[in-house]
Amino acid sequence: MSDKIIESRMSIEAKNLSKHYGAQIAVNALNFSAKSGQIVGFLGPNGAGKSTSIKMLVGLIQPTSGEAYIAGERVSQDSINLKKQIGYLAEDNPLYKEMYVKEFLAFIASLHNISQTRIQEVIQLTGLSLEQNKKINTLSKGYQQRVGIAQAILHNPSILILDEPTSGLDPNQMEEIRSLILSLKPGRTILFSSHILSEVEAICDRLLIINHGVLQADCSMDEAKSFPGGINQLFQEKTKLVK
Ligand code: ADP
């Protein structure tokens with residue numbers, strides 16, 4: 001396969017993507033393009049428009065205007081091929097919490113015709129070997145996030161979109177989930193949203209800052225760190241309240 005095809009298979013693109021809820025503008029003309037092999041941090045305070053953007057990128061809600069492209073395909077076309085490329089962890093990580101870990105993953109796998117071998121592989125990859133026979137609701141929030149990530153990667157997607165995967169975790173759990181995400185980077189493009197700068201700074205190659213539905217910065221992490229006053233200053237400037 002040529003480099004160009006591989007590159008396109010892993011691309012995430014927003015072109016003038018907007019979402020209005022009546023008079024409320026949640027996302028306003030978002031433009032960015034993420035290429036293969038990167039972890040892209042999607043940083044912004046609560047209410048900035050991260051989840052709304054992500055839901056448009058994965059095809060859960062329709063944009064008011066603009067278009068999202070995944071792996072070079074229009075998300076609005078809603079093709080099966082497109083769904084195969086995307087792994088998604090929603091902010092509220094909806095799990096069937098009465099199910100056992102392995103049973104839940106087997107259930108998701110059965111919907112996508114995924115083999116038993118792959119379930120075991122993913123259980124190992126996500127560090128769930130010792131937890132696989134436990135009920136999901138008995139697990140810590142950190143381990144529940146692992147289950148959420150496991151279901152997102154079962155079909156081995158080349159694009160992984162994680163909405164606030166470390167939110168609400170304690171510092172150790174945050175670190176563990178960050179390492180897990182880093183381990184999933186080879187061969188993938190990962191979009192990682194967070195409202196916490198240090199989370200994004202720790203693992204991302206690239207930084208998108210969104211505030212009030214508008215993209216305020218799009219740069220490499222190195223560029224962000226060399227901003228006058230440092231990355232903290234950049235974040236503060238780009239997320240100032242607009243009066
Ligand atoms: P974030 O994920 O960055 O916290 P959201 O995308 O959830 O932000 O929300 C962006 C803005 O859109 C917020 O002002 C939020 O209140 C508003 N919003 C989100 N969903 C809806 C909705 N269904 N109806 C009206 N306003 C919404």
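Visitor: What follows α2, and what is its phi?

Guide: In this predicted model, α2 is followed by G59, whose phi is positive, near 85 degrees.

Visitor: What makes α2 a mostly covered helix?

Guide: Buried means under 20% relative accessible area, and seven of the eight residues of α2 are buried. These are K50, S51, T52, S53, I54, M56 and L57.

Visitor: Which element gives the most to the shell around the ligand?

Guide: α2 does, with three residues. The shell as a whole consists of Y21, Q24, A26, P45, N46, G47, A48, G49, K50, S51 and T52. By class, four of them are nonpolar, six are polar and one is charged.

Visitor: Why is the approach of Q24 to the ligand called a polar contact?

Guide: The cut-off for a pair of N or O atoms is 3.5 Å, and a polar side-chain atom of Q24 lies 3.3 Å from an oxygen atom of the ligand. The pair therefore falls within the limit. Backbone atoms take part as well: a polar backbone atom of G47 is 2.7 Å from a ligand oxygen, and one of S51 is 2.8 Å from a ligand oxygen. The protein covers 61% of the 560 Å² of accessible area that the ligand has on its own.

Visitor: Why do R178 and E199 count as a salt bridge?

Guide: The rule requires a side-chain nitrogen of Lys or Arg within 4 Å of a carboxyl oxygen of Asp or Glu. The closest N and O atoms of R178 and E199 are 2.5 Å apart, so the pair qualifies. It links distant parts of the chain, with R178 in helix α7 and E199 in helix α8, 21 residues apart. Both R178 and E199 are buried.

Visitor: How do you know that R206 is buried or exposed, and what of its partner D218?

Guide: R206 has a relative accessible area of 12%, which is under the 20% limit, so R206 is buried. D218 has 39%; this lies between 20% and 50%, and D218 is therefore partly exposed. The two form a salt bridge whose closest N and O atoms are 2.9 Å apart. D218 lies in strand β10 and R206 in strand β9, so the pair ties together parts that are 12 residues apart in sequence.

Visitor: Which residues are joined into one network by salt bridges that share partners?

Guide: E175, R178 and E199 are joined in this way. By the salt-bridge rule, the count comes to 11.

Note on methods. Residues are numbered from 1 along each chain as its sequence is written. This is a predicted model: local features need pLDDT of at least 70, side-chain atom pairs count only at pLDDT 80 or more; totals for chains, interfaces and linings use all residues. Side-chain values use heavy atoms; hydrogens and water are left out. A residue is near a molecule or strand if one of its heavy atoms lies within 4 Å of it. A polar contact is a pair of N or O atoms within 3.5 Å; within protein, one must be able to donate a hydrogen and the other to accept it, and residues adjacent in sequence count only if both atoms are side-chain atoms. Accessible areas come from the Shrake-Rupley method with a 1.4 Å probe; for residues, only the protein chains shown count as cover. Helices (H or I, at least four residues) and strands (E, at least two) are DSSP runs, numbered from the N terminus. Ala, Val, Leu, Ile, Met, Phe, Trp, Tyr, Cys and Pro count as nonpolar, Asp, Glu, Lys and Arg as charged, and the others, Gly among them, as polar. Buried means under 20% relative accessible area, exposed over 50%, partly exposed in between (1.4 Å probe, protein chains only).
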